[in-house]
Amino acid sequence: MAKKKEKTAAKEETVQTTDGDADDDEVADDNSPEAYALTGDYRVDCSEICKRSEIEAILIKSRPQTPDLVEGAPTTFVTRDKFEYLRPAVEVEPDDENKDSIKSMFIKGWKISPQLLTVLNLAAPQTLTSMSFWRCGLDKEALETIVNMLSKLSVRNLALDGNPQCAEHFHLLLTEECTVAVLSLRSNKITCADLVPFSAALSSNKSLTSLSLHNNDIADEGARHIAQGLRLNRTLLTLNLGSNKITDVGTKHLSGILTNLILTHEEIVTRRTLISENKSSLASEDPPTTPGGKNKERPGSNSRTGSHTALDKKGKGGASGKGAKKQDKIEKPGTKDGRKSDMGNKGKDDKRKGNGSTPVGGADTKSKSKIKGGAGKKHQEEKEQEPEVVEFENPLLEANLSEQDGKIIVPGNYALTCLNLNNNSIGDTGIAHLYKAVHYQDHGTMKRGIKGLLRLTLKNNQFNENNRYYAELIDMMSRRDPFYEQPIIEEDRSNITAQTVSF
């Protein structure tokens, strides 16, 4: 008996210890950084998550605004610690509606540890729309954390300038989970080899509208990869390729996609697959028909009356003539099996009782109509101010195609509107290629009034400014630029005044 008592006591002790360990695990999970619930105050959230992660709290300060220009020198000065400017900090801009939350985040000039980047990921609010990491020593692991952050938020502007350690992994930012619209990758030492996966992701991207690859090492081969990615892309509007050692060869690749495209074998196979899928989807939406061409669900007839339509909707058929008319008289709207419904008498009962319900056309509805009218005008004004967005269809399904020597030719990229090629090595041959491309777009016929390239910058290149093609290119682009203002030519009235005086 004593042995049995000892065994039961030992079992009770083990159960108590296991229960205690489970309670400790629950407390530890509640105090973990991942279990923290955001309060909406970004500074409080960052401080608490840092405390739970057992790291030093982040210095968060408001982003300095550009001071207004005031005449004269300032009369007061504020002295600060000489090392305050060098202290790592996260500069933020408050949200317009909730001042405790933020809409923009800027980090510049200091290396971010993985633990600190995890804190920023956990504390990021849903109002965050812009992020900038300038020379922060980001690597592949840090870039994956940023991609995870982008998949949870609606960030539209992202700048990763000066982070060459993750140059070969920037294609992760162009996945379907990321909805970045403006992407800046300046000064990252991106080479042509890094652009192979990037151009493949760019070809299928549907959200990016502005891309800056300024001051990289893509050269002519990288320009060819970018042009390859823009063959089927119809969302990118602005492209900055300044300071990339691009010569006439790379310019030829870029200008080639602006005219027309000869589909490759793989693109033709993809085109046929898409056409067959569209036909099958349309066929599945249509109702099945008999071999005679008549619908299986409804009997064929030359003229359809209202009774036929009503019967077809209810799934009944075969009634015609007087029987159908009687049935139409019996089954009136708002009735069921010849009995009046409560919905039909609801308005009458409310009028008789006068129980505070608002009749149609009453005073409350008038006040509501005034409010709706004002809101409608405001909505109409906002709608008029919104720019018209042109949606491009899949270029492989373009109906405006032609065939030449057994090759299928489709229109090129008319979606790209701004191209920056400053500080490259483009010569007279490259200018001739650009001139032919813009001339083709200027005289080509594209549906919906799409013009194509509207702005082209070519400063600090190696071409001759007295080149005939350059002068004509400048003339065409000035007419295509929507913000171009033609200079006002003042007439010389000296002869007119002299004639009037002599007269």
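**Close-ups of a predicted model**

**Arg-52 and its partner on helix α2.** With 24% relative accessibility, Arg-52 falls in the partly exposed class (buried is under 20% relative accessible area, exposed over 50%, and partly exposed in between, using a 1.4 Å probe and protein chains only). A quick note before going on: this is a predicted model, where local features need pLDDT of at least 70 and side-chain atom pairs count only at pLDDT 80 or more, while totals for chains, interfaces and linings use all residues. Residues are numbered from 1 along each chain as its sequence is written, and side-chain values use heavy atoms, with hydrogens and water left out. Back on the helix, Arg-52 makes a salt bridge with Glu-48, and their closest N and O atoms are 3.3 Å apart (a side-chain nitrogen of Lys or Arg within 4 Å of a carboxyl oxygen of Asp or Glu). Both residues belong to helix α2 (residues 42-53) and sit four residues apart, about one turn; helices here are DSSP runs of H or I with at least four residues, strands are E runs of at least two, and both are numbered from the N terminus. Glu-48 is partly exposed too, at 26%.

**Arg-63 between a carboxylate and a ring.** Arg-63 and Glu-91 join their side chains in a salt bridge, 3.3 Å from N to O. Arg-63 comes from the loop between β1 (60-62) and β2 (90-94) and Glu-91 from strand β2, so the pair ties together parts that are 28 residues apart in sequence. Glu-91 is buried, at just 8%, whereas Arg-63 is partly exposed, at 28%. Arg-63 also lies over the face of Phe-106, 3.8 Å from the ring centre; for a charge to count as over a ring, NZ of Lys or CZ of Arg must be within 6 Å of the ring centre and within 35 degrees of the ring normal.

**The buried side of helix α5.** Which residues of helix α5 (residues 195-203) are buried? They are Leu-195, Phe-198, Ser-199, Ala-201, Leu-202 and Ser-203. These residues pack against β7 (210-212) and α6 (219-229), with contact taken as heavy atoms within 4.5 Å.

**Tyrosines bridging α13 and α14.** The whole structure has two aromatic pairs (ring centres of Phe, Tyr or Trp, the last by its six-membered ring, within 6.5 Å; planes under 30 degrees apart are stacked, over 60 edge-to-face, the rest tilted). Tyr-435 and Tyr-469 have ring centres 5.2 Å apart and planes at 50 degrees, so the pair is tilted. Tyr-435 is in helix α13 (residues 428-443) and Tyr-469 in helix α14 (residues 468-480), so the pair ties together parts that are 34 residues apart in sequence. Tyr-435 is buried, at 14%, while Tyr-469 is partly exposed, at 25%. In the other pair, Phe-463 and Tyr-470 have centres 4.7 Å apart and planes at 40 degrees, so that one is tilted as well. Both Phe-463 and Tyr-470 are buried.

**Charges along α14.** Arg-468 holds its charged end over the ring of Tyr-469, 4.4 Å from the centre. Arg-468 also meets Glu-472 in a salt bridge, 3.8 Å from N to O, and the two sit four residues apart in α14, about one turn of the helix. Arg-468 is partly exposed at 48%, and Glu-472 likewise at 29%. Among the ten salt bridges in the whole structure, some form a network linking Asp-442, Asp-475, Arg-479 and Arg-480.
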